[in-house]
Amino acid sequence: MGMKKNFVLDTNVMLHDFSCLSNFQENDIYIPITALVELDRFKKGSEQINYNAREFVRELDALTSDDFHLKGAPLGKDKGTLYIKTGTKYHAKVAASFPERIPDHLILSCAMTVSEERPQMKTILVTKDINMRMKARALGITVEDYSTDKVRDVNVFEKEQETYTGIDGALIDNIHTNSEGVPIDDFNAKYPRITLLANDCCVLESERNSVLVRYNPFTGTVKKIEKGVPNYGIRARNTEQKFALEILNDPDIKLVGITGKAGTGKTLLALASALKQAGRYKQILLARPIVAMANKDIGFLPGNEKEKVAPYMQPLFDNLNVIKAQFAPNSQEVRSVDEMLKSNRLVIEALAFIRGRSLAETFCIVDEAQNLTPHEIKTIITRTGEGTKMVFTGDIQQIDSPYLDMHSNGLAYTVDRMKGQKLFAHVNLVKGERSELAELAADLL
């Protein structure tokens with residue numbers, strides 16, 4: 001069997017990445033006609049999935065010609081050939097296990113037919129649907145997830161920030177007393193075993209003292225992180241939260257990823273930092289994607305557009321109420337927040353409502369970002385204008401989308417691709433601070 005392969009694509013691959021046809025190297029690609037029929041259902045609408053469906057069909061149209069049905073379409077230099085598989089009979093082996101001819105089963109039948117028609121080449125079904133992969137394996141069909149944008153190493157989302165021991169106490173004293181910190185070149189020369197990327201935060205310890213530091217790429221120094229500075233009434237309760245506030249409060253860092261399990265304070269810290277810096281930005285925008293529950297679209301809910309999404313936004317209002325509760329009801333801080341809400345300087349809404357907008361001089365927080373695809377996050381980031389800071393928060397172990405996992409969601413992908421960049425920083429929060437019970441449940445249940 002040669003190295004060249006046949007890949008049969010499930011519909012969800014095209015909806016996940018409309019440019020997927022360019023990612024299969026020299027191999028041939030087969031699109032079941034059933035998948036094109038399914039794409040038709042997604043072409044209308046304003047969501048990212050609708051945009052992807054339209055863009056994929058446009059790319060398909062640009063590649064094909066009148067004789068496409070006879071010889072397929074070449075995908076380019078060092079690429080394979082694209083085919084659309086039409087008129088495939090329902091394979092007997094599939095029919096024996098799945099008599100109902102739904103789209104998933106027709107795609108399985110297509111993969112099995114291609115495999116039998118081209119036995120000299122390995123045929124692989126590519127799908128992001130886990131259950132579809134189980135069905136394929138049960139039938140003996142070789143199947144894979146679409147892995148082009150998958151993150152291989154997710155350990156960074158599970159561990160605490162680094163603590164480096166055996167540091168010279170005099171160096172730590174110097175960092176404590178020198179507000180400018182120590183030059184990164186001097187630090188690297190003395191400790192070549194420690195690799196600090198741009199905006200990395202860590203703990204340095206000697207036998208007699210310690211210090212929390214960040215490598216600031218804008219000053220080229222390893223600088224002390226100040227402790228205990230309140231952010232609109234919210235104080236950091238642990239080391240990772242101090243690191244988070246450090247990067248959230250630096251206007252030079254334009255893109256931030258805050259990850260961690262439930263109750264670690266991801267959204268609360270981001271919102272508190274935004275309110276502290278409200279004078280620097282024209283607007284604070286707090287948004288989250290809507291993932292419909294129980295297989296029902298929000299269209300089933302009563303009310304107008306805003307009323308339909310209100311229940312999904314309640315967790316964001318809960319965080320705002322926690323911050324307001326730090327002050328007296330008639331305090332200046334509470335009045336300021338209420339005024340910002342009335343004047344739309346503080347906006348809490350569904351992520352779908354901000355797509356297509358250009359965000360200038362905005363502190364934008366996208367909550368539950370683990371439910372976004374890599375392309376969706378890219379689309380949001382590329383909308384940022386001058387003076388805007390983007391913060392993505394989420395828990396990659398709590399994904400509601402059926403076609404995303406810890407390795408393929410947009411939040412993990414962004415952190416993986418952006419690490420080391422001057423304008424980006426990431427902190428993983430480990431310790432739950434909501435309550436002792438919530439922490440116990442997050443760890444054991």
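**Exercise 1. The mixed sheet**

Task: In which order do the 6 strands of the open sheet with mixed pairing stand, and which strands are at its edges?

Solution:
- Start with the order. In this predicted model, 6 strands make an open sheet, and reading across gives S3-S4-S2-S1-S5-S6.
- Note the pairing: it is mixed.
- Now find the edges. Strand S3 (73–74) and strand S6 (143–144) each have a single partner strand, so one side of each lacks a neighbour in the sheet.

**Exercise 2. Inside the mixed sheet, and the helices on it**

Task: How many bridges join strand S1 to strand S5, and which strands does helix H6 touch?

Solution:
- Take the strand pair. S1 (residues 5–9) and S5 (residues 122–126) run parallel and are joined by 5 bridges.
- Pick out one position: leucine 9 faces valine 126 in S5.
- Add helix H2 (residues 33–40). H2 packs on the sheet and touches S1, strand S2 (28–32) and strand S4 (81–85). The direction of H2 makes about 60° with that of S2.
- Add helix H6 (residues 103–117). H6 also packs on this sheet, with S1, S2, S4 and S5 as the strands touched. Against the direction of S5, the direction of H6 makes about 165°.

**Exercise 3. Threonine 142**

Task: Where is threonine 142 found, and which residues does threonine 142 touch?

Solution:
- Place the residue: threonine 142 sits in the loop between helix H7 (130–138) and S6.
- Check exposure. The relative accessible area of threonine 142 is 33%. The buried class is under 20% and the exposed class over 50%, so threonine 142 counts as partly exposed.
- List the contacts. Leaving out residues up to four places away in sequence, threonine 142 touches Lys122, Thr123, Ile124 and Leu125.
- Tie this to the sheet: S5 spans residues 122–126.
- Compare with a distant threonine. Threonine 393 lies 251 residues away along the chain, and the two C-alpha atoms are separated by 36 Å.

**Exercise 4. The parallel sheet**

Task: What is the strand order in the open sheet with parallel pairing, and which helix packs on this sheet, touching strand S12?

Solution:
- Read across the 6 strands: S14-S13-S15-S16-S12-S17, with parallel pairing.
- Mark the edges. Strand S14 (346–350) and strand S17 (424–429) have a single partner strand each, so each is left with one side that has no neighbour in the sheet.
- Look at the twist. On average, neighbouring strands here are turned by 15° against each other, direction ignored.
- Place the helix. Helix H10 (residues 239–248) packs on the sheet and touches strand S12 (255–260), S15, S16 and S17. The direction of H10 makes about 160° with that of S17.

**Exercise 5. Bridges in the parallel sheet**

Task: How many bridges pair S12 with S17, and how many pair S12 with S16?

Solution:
- Begin with S12 and S17. They pair in the parallel sense over 6 bridges, and glycine 260 stands opposite leucine 429 in S17.
- Turn to S12 and S16. This parallel pair has 5 bridges, with glycine 257 opposite phenylalanine 392 in S16.
- Finish with S15 (residues 362–366) and S16 (residues 389–394). They are parallel over 4 bridges. Cysteine 364 faces methionine 390 in S16.

**Exercise 6. Buried or exposed?**

Task: Are the residues of S16 and S17 buried or exposed?

Solution:
- Count in S17: 6 of the 6 residues are buried, so S17 is largely enclosed by the rest of the structure.
- Sort S17 by direction. Phe424, His426 and Asn428 point one way, Ala425, Val427 and Leu429 the other, and all are buried.
- Count in S16: 6 of the 6 residues are buried, so S16 too is largely enclosed by the rest of the structure.
- Sort S16 by side. Lys389, Val391 and Thr393 lie on one side, Met390, Phe392 and Gly394 on the other, and both faces are covered.
- Set this against the protein: buried residues make up 49% of its 445 residues.

**Exercise 7. A cavity**

Task: Which residues line the second largest cavity, and how do they divide by type?

Solution:
- Start from the search. The whole structure holds 2 cavities of 30 Å³ or more.
- Take the second largest cavity: its volume is about 40 Å³.
- Name the lining: Lys128, Ile130, Arg133, Asp145, Pro402, Tyr403, Leu404, Asp405 and Ser408.
- Sort the lining: 4 residues are nonpolar, 1 is polar and 4 are charged.

How values were computed. Residues numbered from 1 in each chain as written. Predicted model: local features only at pLDDT ≥ 70, side-chain atom pairs only at ≥ 80, totals over all residues. Heavy atoms only, no water. Pairing = 2+ DSSP bridges. Helix = DSSP H or I, 4+ residues; strand = E, 2+ residues; numbered from the N terminus. Contact = heavy atoms within 4.5 Å. Axes fitted to C-alpha atoms, helices over the stretch in contact; angles between N-to-C directions. 1 Å grid on protein atoms, 1.4 Å probe; cavity = no way out; pocket = protein on both sides within 12 Å on 5 of 7 lines; lining within 4 Å. Points joined across faces, edges and corners; volume = space filled by probe spheres on them. Nonpolar A, V, L, I, M, F, W, Y, C, P; charged D, E, K, R; others polar. Buried < 20%, exposed > 50% of the residue type's maximum accessible area, 1.4 Å probe, protein only.
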